[in-house]
Amino acid sequence: MNKTENQRAWFFVAPVLVLVAFNALIPLMTVVNYSVQETFGNNVFFWQGVGWFEQLLHSERFQAALGRQIVFTAIILAIEIPLGVAIALTMPRKGPWVSVCLVLMALPLLIPWNVVGAMWNIFALPEIGLLGRAINALGIDYNMTQQPLAAWFTTILMDVWHWTSLVVLLAYAGLISIPDAYYQAAEIDGARPWAVFRYIQLPKMKQVLTIAILLRFIDSFMIYTEPFVLTGGGPGNATTFLSIDLVKVALGQFDLGPAAAMSLIYFIMTLLASWVFYTVMTKNDAR
Amino acid sequence: MAKIGLRKLRHSYLTNPTVDADWAVKEIDIDWSDGGAYALLGPSGCGKTTLLNIISGLLTPSEGRILFDERDVTALAPVERNIAQVFQFPVIYDTMTVYDNLAFPLRNRGVDKARVDRRVREIATLLELDDMLSRRAAGLTADGKQKISMGRGLVRDDVNVMMFDEPLTVIDPHLKWKLRSKLKELHQRVRATMIYVTHDQTEALTFADQVVVMREGEVVQIGTPVELFERPAHTFVGHFIGSPGMNVLPCRIRDGGAFVDDCHVPLVEKLVSQDVAGQLELGVRPEFVRFVDDGVPAQVVRIADTGRHRVVETRAGGARVFVLCGDDEVIPEGATHLAFDPAHTGIYADSWLIGGGGPAQ
């Protein structure tokens, strides 16, 4: 057999390889490098093995941050997904109001993240902020700079305000792709609104909702800017989520080794959770 | 089952229709008897789907009434009218099994379990779906899905009317024929009133006892397939039904006879020139045109062989005239003459039939 060998393809793939190397592989491997070594500056490194990983996994500080992170992500997913679907269901399918609704929905998504944090910080201040004043006027003692519960409440409210729109837009895209005939057939079949939702709208939204949950999971799990600007992780460590903790370790204390180990654990957790979730959600489609 | 009456039905999608063209459906009066098979035939945008949705209750007409067994149902919702409708694209509930799909309309109406089971199995057998009852409906082929859509209509034995909105559009050609004969068979077995919307003349003519031909929101002719073929009431019907459609040539009426190009064309009945007004045309189907030595002068343009017969395109009397020829017939070249069968030659004034025409008078 005379098979023509042509290695020219490598030439065309090379730019991509270089690009991926510089924006993903090399930075990641640098982090791996740091995570197994100890440094005291001056570019002098000592081999550390998996020491940082062991130390980290046993550290109460890390466990606490991880716990807060999981609770936070669980709460915002539990609020944003149903709320987003509910809002998408009430949006008009046709007519001039469609664009109005879409623009209104897209607005929070267009605001830079640290601006969102700053906005809500001022908004929630008990003395001058509209929200802070209003809640206190209702007779509820509310001060997010001092009360952990108030800080959590504000952070969650801010995230819901900022990101529910994304779920709404995705769910809406799924909804408008359903042909009228489905609703007409359901009407003729005598389906009640709940059945229409359960058997037509929800199945048709499944794909986009999978994406929405994934995006919201990853984003909220990595949340940094907004709570950093809003509460700075406080009061105390009440809203110190994983990213905030990581930055404190890496840049505040300049402990590069532990920070690198933390990044890797963090990365693997996000990856694993996304993979498991995606596999479970798409499992049924194969049949 | 019910007989259906449409009374002075008009519909417009605009809130304030003014000119004629604003109306999607223009004043329709029809009576359909119980258990009949009817077809609404017409080109895209002629208002046939609008009319169907008005009957099913998905649309409320701007004017007029709909009667089911003399009962006014105009204000009733689709559920209350108790109808079934099959759409152009198969509608199935993806997450359910075939069984659950078929059971869905019954369960929604609170029918007891044993009866649901009996009906679903009965209909599944009828549609040859019994071996896939436990499968997920989403995995089926287009014709399987369309059968489920039909099945959801058939499970309810008390439906007033079953409606089909171009149900074979997305079906593969070789399955179309199968599904169409299935439909005809179903009609004979369940004896439900069925209305079938299509732009395909073959589907309409094979399915229906009576075909309603529509054009621009109006009914042009209602008749049996034979009537539509032999005696089109409007040149549009002549064009639309038949392949190729009816030939239409400008003509004049003189001394009780028709003249094309000053050449006399014999008719079965005499027409008096005073009785006729408007633009006059003569209509004759390609099946009833022959080549002769002496008649209307014509010029052969081209010949197309369709396998079963040959279609000869000629020019005569300032119009294009098709002639159907058998395989053994000799086709002249160049200049020749045409003769029209008097029994199948109609005279149209402003496109409407005024005289002559087929034997179904």
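**Figure 1. Buried residues of helix 5 of chain B in the predicted model.** In this predicted model, the buried residues of helix 5 of chain B are Lys145(B), Gln146(B), Lys147(B), Ile148(B), Ser149(B), Met150(B), Gly151(B), Arg152(B), Gly153(B) and Leu154(B). Because 10 of its 13 residues are buried, helix 5 of chain B is largely enclosed by the rest of the structure. The cover over these buried residues includes three helices of chain B, namely helix 3 (98–108), helix 4 (113–126) and helix 6 (173–190), together with strand 6 (84–86) and strand 7 (162–165) of chain B. Helix 5 itself runs over residues 142–154 of chain B and spans 18 Å from first to last C-alpha, close to the 18 Å expected at 1.5 Å a residue.

**Figure 2. The open sheet of chain B.** Six strands of chain B, in the order 6-7-8-3-9-10, make up an open sheet with mixed pairing. Strand 6 and strand 10 of chain B are at the edges; each has a single partner strand, so one side of each is left without a neighbour in the sheet. On average, neighbouring strands of this sheet are turned by 15° against each other, direction ignored. Within the sheet order, strand 8 is followed by strand 3. Strand 3 (residues 37–41) and strand 8 (residues 194–198) of chain B pair in the parallel sense, over 5 bridges. Ala39(B) has Tyr196(B), in strand 8 of chain B, as its bridge partner.

**Figure 3. Backbone geometry in three loops of chain B.** Most residues other than glycine have a negative phi, and most peptide bonds are trans. Glu216(B), although not a glycine, has a positive phi of about 45°. Glu216(B) is found in the loop that links strand 9 (210–215) and strand 10 (218–223) of chain B. It is partly exposed, with 17 other C-beta atoms within 10 Å. Asp261(B) also has a positive phi, near 55°, in a residue other than glycine. The loop holding Asp261(B) lies between strand 13 (257–260) and strand 14 (263–265) of chain B. Asp261(B) has 15 C-beta neighbours inside 10 Å and counts as partly exposed. In a further loop, between helix 9 (235–240) and strand 11 (247–250) of chain B, lies Pro244(B). The peptide bond joining Ser243(B) and Pro244(B) is cis, with omega about -5°.

**Figure 4. Packing of helix 2 against helix 12 in chain A.** Helix 2 (residues 51–58) and helix 12 (residues 256–282) of chain A pack at an angle of about 70°, and their axes are 9 Å apart. The two helices of chain A are therefore roughly perpendicular to each other. On the side of helix 2 of chain A, the residues in the contact are Trp52(A), Phe53(A), Gln55(A) and Leu56(A). They meet Gly257(A), Pro258(A), Ala261(A), Met262(A) and Ile265(A) in helix 12 of chain A. By class, this contact has 7 nonpolar, 2 polar and no charged residues.

**Figure 5. Contact between chain A and chain B.** In this view, 16 residues of chain A are in contact with 20 residues of chain B. On the side of chain A that touches chain B, the elements giving two or more residues are helix 8 (180–188) and helix 9 (193–221) of chain A. Helix 8 of chain A gives the most to this side, with 6 residues. By class, the side of chain A that touches chain B has 10 nonpolar, 2 polar and 4 charged residues.

Definitions and conventions
Residues are numbered from 1 along each chain as its sequence is written. Chains are lettered from A and ligands numbered from 1 in the order in which they are written. This is a predicted model: local features need pLDDT of at least 70, side-chain atom pairs count only at pLDDT 80 or more; totals for chains, interfaces and linings use all residues. Helices (H or I, at least four residues) and strands (E, at least two) are DSSP runs, numbered from the N terminus. The expected span of a helix is 1.5 Å times one less than its number of residues. A residue is buried if 20 or more other C-beta atoms lie within 10 Å of its own, exposed if 12 or fewer, and partly exposed in between; C-beta atoms are placed from the backbone. Two residues are in contact if their C-beta atoms, placed from the backbone, lie within 7 Å. Ala, Val, Leu, Ile, Met, Phe, Trp, Tyr, Cys and Pro count as nonpolar, Asp, Glu, Lys and Arg as charged, and the others, Gly among them, as polar. Axes are lines fitted to C-alpha atoms, for helices over the stretch in contact, and angles run from 0 to 180 degrees between N-to-C directions. Angles under 35 degrees count as roughly parallel, over 145 as roughly antiparallel, 65 to 115 as roughly perpendicular and the rest as oblique. Two strands pair if DSSP finds at least two bridges between them.
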